[in-house]
Amino acid sequence: MALEASLDRSAYVDDEVWRVEQERIFARSWVCVGRDEEVGGPAGSYRRVDIAGESVLLVRGTDGVLAAFANLCAHRGTQLVDAADAGAVTGCFDRVIRCPYHLWTYGFDGRLRGAPHLDPTDTAGLDLARLAVDTWGGFVFVVQHPDHGSLAEQLGPAPVRLANYPLDRLRIGHRITYSVAANWKVLCENYNECYHCGPVHPELCDLVPSFRIGGGDQLDWEGGIPHRRGAYTFTTTGTTTRRPFAGLSDAEQVNHKGELIYPNLFASLSCDHVAAFRLLPHGPSSTTVECDFLFDPEEMTGDGFDPVDAVDFWDTVNRQDWAICERVQRGMTSRHFTRGWYAPMEDASLDIRSWWQARMDVR
């Protein structure tokens, strides 16, 4: 089978391509912005999130349902929650959302409640810019463009493949945040193939020997990938004291599954924990990765709960991935690089070409 060309150099390094991605991909796609549990507590609880340079507020309504708004006042565009504020990332509004500039106030539904010294008829309809929000498996997704499809359409078959995992009830037991000097698509392509596993991940291949065989060309990700003999989860020993999730199939109790949900969510699933990666791109060569370790809440409240066995193993694998991705990114900036090539065992990485080109209107 012949090699196939990747996206060309500009897709990974050009500022103008990134600007178009902000509009055509990250504004028009359902983007994962975190977990529902992160906006817990009473009505008015909020979380400020970034979607490819757009500041967005998630707010818990009086009905308990999450709403999403552009983080700006309808009056003059002042950011309602600023990075310089105390408790800027999360907090709880006191009865209303109040702009600090001229004290315009909004309800938790985004509707304008009052504007000092102005007649209400003059400000009718000047509400917060509301964005579509939806959830799946405890993950929160936001789409900014008004002309959008459903989250279910974007998720495709992933919910069916992962139906036995209790994603809704899992809770964050630990988080590691990484700053990676690489394009977000480089991270997606790396996650989507195991041709690199042998050279880059010796510890991972010791746990999953099939990652070394044939460059990972015969891996059954839909059915799950078996571990070495006696191992059944992604920890250094391949074992854990945590109980497997209830409802898993026999194969899912001993195999590992992985799912890439474009544009920015990776889910790696073991029988007792899930490692969820959320990509937050900041430009053509800068991506923050939030890695959440999700566990059954009953395990987390039990005596002796300690996620370190999974966290330490994943942190080793993650840092290996980020280092090689940064090395790729540095090479791509060379004037001698025009495009890369996919080997036959990297066929899953080809997905990003058609997905990306369709949304960027590139042929």
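**Exercise 1. Find the residue of strand 16 that stands opposite Leu265, then work out how strand 15 sits among its neighbours.**

*Solution.*
Step 1. Start at Leu265: in this predicted model, it stands opposite Arg278 in strand 16.

Step 2. Now look at the whole pairing. Strand 15 and strand 16 (residues 274-283) run antiparallel and share 5 bridges. To get from strand 15 to strand 16, the chain makes a hairpin through 4 residues.

Step 3. Turn to strand 14, which pairs with strand 15 in the antiparallel sense, over 5 bridges. Here Lys257 stands opposite Leu269 of strand 15, and the hairpin formed by strand 14 and strand 15 has 3 residues between them.

Step 4. Check how covered strand 15 is. Its 5 residues out of 5 are buried. Leu265, Ala267 and Leu269 lie on one side, with Phe266 and Ser268 on the other, and both faces are covered.

**Exercise 2. Which residues does the cis peptide bond join, and where does Pro263 lie?**

*Solution.*
Step 1. Keep the usual case in mind: most peptide bonds are trans, and most residues other than glycine have a negative phi.

Step 2. The cis bond joins Tyr262 and Pro263, with omega at about 5°.

Step 3. Pro263 is in the loop between strand 14 (255-261) and strand 15 (265-269).

**Exercise 3. Ala52 and His117 have a positive phi: is each one buried or exposed?**

*Solution.*
Step 1. Take Ala52. It isn't a glycine, yet its phi is about 50°. You'll find Ala52 in the loop between strand 3 (45-51) and strand 4 (54-60).

Step 2. Apply the cut-off: buried means under 20% relative accessible area. Ala52 has 6% relative accessibility, so it counts as buried.

Step 3. Take His117, another residue other than glycine, with a positive phi near 70°. His117 lies in the loop between strand 9 and strand 10.

Step 4. The cut-off for exposed is over 50%. His117 has 84% relative accessibility, so it counts as exposed.

**Exercise 4. Trace the pairings of strand 10 and strand 11, and see which other strands join in.**

*Solution.*
Step 1. Strand 10 pairs with strand 11 (residues 139-143) over 5 bridges, in the antiparallel sense. One bridge links Val133 to Val142 in strand 11.

Step 2. Look at the turn. The hairpin of these strands has 2 residues between them, and Gly137 takes a positive phi near 60° there.

Step 3. Strand 10 (residues 130-136) also pairs with strand 5 (residues 66-70), antiparallel, over 2 bridges. Phe69 is found opposite Arg130 of strand 10.

Step 4. Strand 11 has strand 2 as a partner too: they run antiparallel with 4 bridges, and Arg35 has Phe139 in strand 11 as its bridge partner. Strand 2 (residues 31-35) is mostly covered, with 5 of its 5 residues buried.

**Exercise 5. At what angle do helix 2 and helix 10 pack, and which residues meet there?**

*Solution.*
Step 1. Helix 2 and helix 10 pack at an angle of about 85°, and their axes are 9 Å apart. Angles of 65 to 115 degrees count as roughly perpendicular, so helix 2 is roughly perpendicular to helix 10.

Step 2. List the residues that meet. Helix 2 brings Val17, Val20, Glu21, Arg24 and Ile25, while helix 10 brings Trp355, Trp356, Arg359 and Met360.

Step 3. Sort them by class: 6 are nonpolar, 3 are charged and no residue is polar.

Step 4. See what else is around helix 10 (residues 351-360). Its buried residues are Ile352, Arg353, Trp355, Trp356 and Met360. Besides helix 2, they pack against strand 1, helix 1, helix 5 and strand 18.

Step 5. Just past the end of helix 10, Asp361 has a positive phi of about 60°.

**Exercise 6. Which members of the largest nonpolar core touch the most other members?**

*Solution.*
Step 1. Remember a general tendency: in soluble globular proteins, nonpolar side chains tend to be buried together.

Step 2. The largest core has 65 residues, and the members that touch the most others are Leu58, Trp184, Leu187, Phe211 and Trp356. Helix 9 (residues 308-332) gives the most to this core, namely 7 residues.

Step 3. There's also a second, separate core of 23 residues, with Phe141, Leu151, Leu167 and Ile261 among them.

Step 4. Zoom in on Leu58. Beyond its neighbours within four places in sequence, its contacts include Val33, Val39, Tyr46, Leu66, Val140 and Val142.

Methods: Residues are numbered from 1 along each chain as its sequence is written. This is a predicted model: local features need pLDDT of at least 70, side-chain atom pairs count only at pLDDT 80 or more; totals for chains, interfaces and linings use all residues. Side-chain values use heavy atoms; hydrogens and water are left out. A nonpolar core is a set of buried Ala, Val, Leu, Ile, Met, Phe, Trp, Tyr and Cys residues joined through side-chain atoms within 4.5 Å. Buried means under 20% relative accessible area, exposed over 50%, partly exposed in between (1.4 Å probe, protein chains only). Contact means heavy atoms within 4.5 Å. Two strands pair if DSSP finds at least two bridges between them. Axes are lines fitted to C-alpha atoms, for helices over the stretch in contact, and angles run from 0 to 180 degrees between N-to-C directions. Angles under 35 degrees count as roughly parallel, over 145 as roughly antiparallel, 65 to 115 as roughly perpendicular and the rest as oblique. Ala, Val, Leu, Ile, Met, Phe, Trp, Tyr, Cys and Pro count as nonpolar, Asp, Glu, Lys and Arg as charged, and the others, Gly among them, as polar.
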